[in-house]
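Here are a few exercises to work through with the model open beside you. Try each task before you read its solution.

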Amino acid sequence: MSEAPHLTFDLDTPGVSTGHLVVPKGADFEALSLPVFSCNRGDGASLLITGGNHGNELQGPIVARRLVEWLPEAQRCGRIIIVPEINPLAVQAWTRNTPIDGKNLNRVFPGRSDGSVSERIADAISRLLLPMVDTVLDLHSFGPTWDCAPSIITHPIADVDLMTKTVRISEAFKLPVTLLWEHNDTAGMFDTWVHGQGKTFICTEFGGGTVFCGGAVGAEALAIYEAGVRNGLIALGLIEGKAEYPTFRQHKSGQTLETNPSDELKSPAPGIFEPRCSVVDEVKQGDLIGILHPMDSLSADSIDIRAPTASIVFAIRSAGYVQGNQEVAILARPLVH
Ligand SMILES: [Zn+2]
């Protein structure tokens with residue numbers, strides 16, 4: 001009989017406290033001990049902030065750790081719990097999925113106490129942290145091979161009131177894009193599980209590609225990310241301050257968009273993808289999105305990839321080799337409320 005997941009400290013302790021969430025050992029791996037920050041200032045909103053769900057998206061853990069530095073001074077009321085890296089194994093390996101079991105942590109919620117290590121992490125979070133909060137902020141960044149607009153993403157939610165509330169709070173982060181993303185692969189997502197409890201789930205996405213800094217996690221991108229999170233905390237009433245749009249490509253503004261599976265552009269053949277537009281560009285039908293260079297011969301013609309309709313570019317793959325029928329761009333349109 002293995003031990004149960006547990007916290008090494010009491011989250012109800014007033015004020016700032018820190019400790020660990022212990023994920024028990026299982027058949028495939030030893031116990032994990034995830035650092036947890038808690039700031040409990042009584043009545044008000046209660047928020048869980050998580051980073052490192054996908055291990056190759058490091059903006060989240062960095063911003064989460066910055067929050068740990070300034071929240072003790074700034075937080076006025078309510079409860080904030082922060083786990084900067086919920087999947088430390090994937091972060092250490094710089095992989096999207098957990099290297100031990102090959103699973104995507106963001107597809108195994110609510111997890112299993114007797115499952116593989118990803119499932120045990122999800123189980124510990126679902127059991128011990130989720131019941132303490134009414135809102136979850138999961139910090140993602142689209143992975144290192146894409147540029148995407150600094151954004152809050154939400155999936156369609158059947159509960160109309162929760163959907164409306166989620167879009168409203170997402171827009172209050174004042175990031176350049178708030179995106180309603182309809183896609184089919186939502187079973188086992190952290191989002192889906194949190195929504196099922198009637199709670200609010202907010203997911204930030206932030207490109208890790210070439211817009212700012214050639215594939216690395218750059219200071220300018222991190223500043224926008226942190227400003228968005230600060231705006232969100234103001235909107236939730238947890239800290240005081242004036243919410244402002246961060247400057248992104250010379251603009252201080254935001255737009256609410258929607259995208260569905262038919263807005264994903266795929267590569268027509270294997271080859272090297274060359275992007276020819278940038279995130280938040282407005283494109284007309286037929287405008288060039290990118291070029292695919294087949295590698296079979298020097299005389300093979302390159303293939304234009306064009307916008308099927310008037311759109312706004314939400315995300316585009318960084319230059320690199322792609323297989324045939326692989327996503328190279330995600331287009332979007334203004335959300336019709
Ligand atoms: Zn992610």
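## Exercise 1: Helix H4

This is a predicted model, and we start with one helix. H4 has twelve residues and spans 17 Å from its first C-alpha to its last, close to the 16 Å expected at 1.5 Å a residue.

**Task.** Work out which residues of H4 are buried, what covers them, and which residues Thr-166 touches.

**Solution.**
- Step 1: go through the helix residue by residue. The buried ones in H4 are Leu-162, Met-163, Thr-166, Val-167, Ile-169 and Ser-170.
- Step 2: see what sits over them. The cover includes three strands, S8 (151–154), S9 (177–181) and S10 (200–205), along with helices H5 (190–196) and H7 (219–235).
- Step 3: pick Thr-166, which lies in H4 (residues 160–171). Its relative accessibility is 0%, so Thr-166 counts as buried.
- Step 4: list its contacts. Leaving out residues up to four places away in sequence, Thr-166 touches Thr-154, Ile-157, Thr-200 and Phe-201.
- Step 5: look at the start of H4. There, a side-chain oxygen of Asp-159 comes to within 3.1 Å of the backbone nitrogen of Asp-161.

## Exercise 2: The zinc site

**Task.** Find the residues that coordinate the zinc ion, and explain why the arrangement of its four donor atoms is irregular.

**Solution.**
- Step 1: name the donors. His-54 and His-140 each give ND1, while Glu-57 appears twice through OE, and the distances run from 2.1 to 2.4 Å.
- Step 2: check the angles. The four donor atoms subtend 56 to 151° around the zinc ion, so the arrangement is irregular. For a tetrahedral call, all angles would have to lie between 85 and 135 degrees.
- Step 3: read the spacing along the chain, which is H-x2-E-x82-H. Glu-57 and His-140 link distant parts of the chain, 83 residues apart. Glu-57 is in the loop between strand S4 (46–51) and helix H1 (59–74), and His-140 is in the loop between strands S6 (135–139) and S7 (146–148).
- Step 4: check accessibility. Glu-57 is buried because its relative accessibility is 3%, and His-140, at 2%, is buried too.

## Exercise 3: Three salt bridges

**Task.** Out of the 13 salt bridges in the structure, take Asp-123 with Arg-127, Asp-281 with Arg-249 and Arg-333 with Asp-263. Where in the chain do the partners of each pair lie?

**Solution.**
- Step 1: recall the principle. Side chains of opposite charge can pair when their charged atoms come close.
- Step 2: take Asp-123 and Arg-127, whose side chains meet at 2.9 Å, N to O. Both lie in helix H3 (residues 117–129), four residues apart, or about one turn of the helix. Asp-123 is buried at 6% relative accessible area, whereas Arg-127 is partly exposed at 48%.
- Step 3: move to Asp-281 and Arg-249, where the closest N and O atoms are 3.3 Å apart. This pair links distant parts of the chain, 32 residues apart: Asp-281 in the loop between strands S13 (271–275) and S14 (282–283), Arg-249 in the loop between H7 and strand S11 (255–259). Asp-281 is partly exposed at 24%, and Arg-249 is partly exposed at 31%.
- Step 4: finish with Arg-333 and Asp-263, with their closest N and O atoms 2.4 Å apart. They too link distant parts of the chain, 70 residues apart: Arg-333 is in strand S19 (residues 327–334) and Asp-263 is in the loop between S11 and strand S12 (264–266). Arg-333 is partly exposed at 24%, but Asp-263 is buried at 9%.

## Exercise 4: Backbone details

**Task.** Look up the peptide bond joining Phe-109 and Pro-110, then the phi values of Arg-249 and Gln-250.

**Solution.**
- Step 1: the bond between Phe-109 and Pro-110 is cis, with omega about 5°. Pro-110 sits in the loop between helix H2 (88–93) and H3.
- Step 2: Arg-249, which is not a glycine, has a positive phi near 50°.
- Step 3: Gln-250 isn't a glycine either, and its phi is positive at about 70°. Gln-250 is in the loop between H7 and S11 and counts as exposed at 74% relative accessibility.

Technical notes:
Residues are numbered from 1 along each chain as its sequence is written. This is a predicted model: local features need pLDDT of at least 70, side-chain atom pairs count only at pLDDT 80 or more; totals for chains, interfaces and linings use all residues. Side-chain values use heavy atoms; hydrogens and water are left out. Donors are N, O and S atoms within 2.8 Å of the metal (3.2 Å for Na, K and Ca); water is not among the atoms, so sites may look incomplete. Four donors count as tetrahedral if all angles lie between 85 and 135 degrees; four count as square planar and six as octahedral if opposite donors are over 155 degrees apart and all others between 65 and 115; anything else is irregular. Helices (H or I, at least four residues) and strands (E, at least two) are DSSP runs, numbered from the N terminus. Buried means under 20% relative accessible area, exposed over 50%, partly exposed in between (1.4 Å probe, protein chains only). Contact means heavy atoms within 4.5 Å. The expected span of a helix is 1.5 Å times one less than its number of residues. A polar contact is a pair of N or O atoms within 3.5 Å; within protein, one must be able to donate a hydrogen and the other to accept it, and residues adjacent in sequence count only if both atoms are side-chain atoms. A salt bridge is a side-chain nitrogen of Lys or Arg within 4 Å of a carboxyl oxygen of Asp or Glu.
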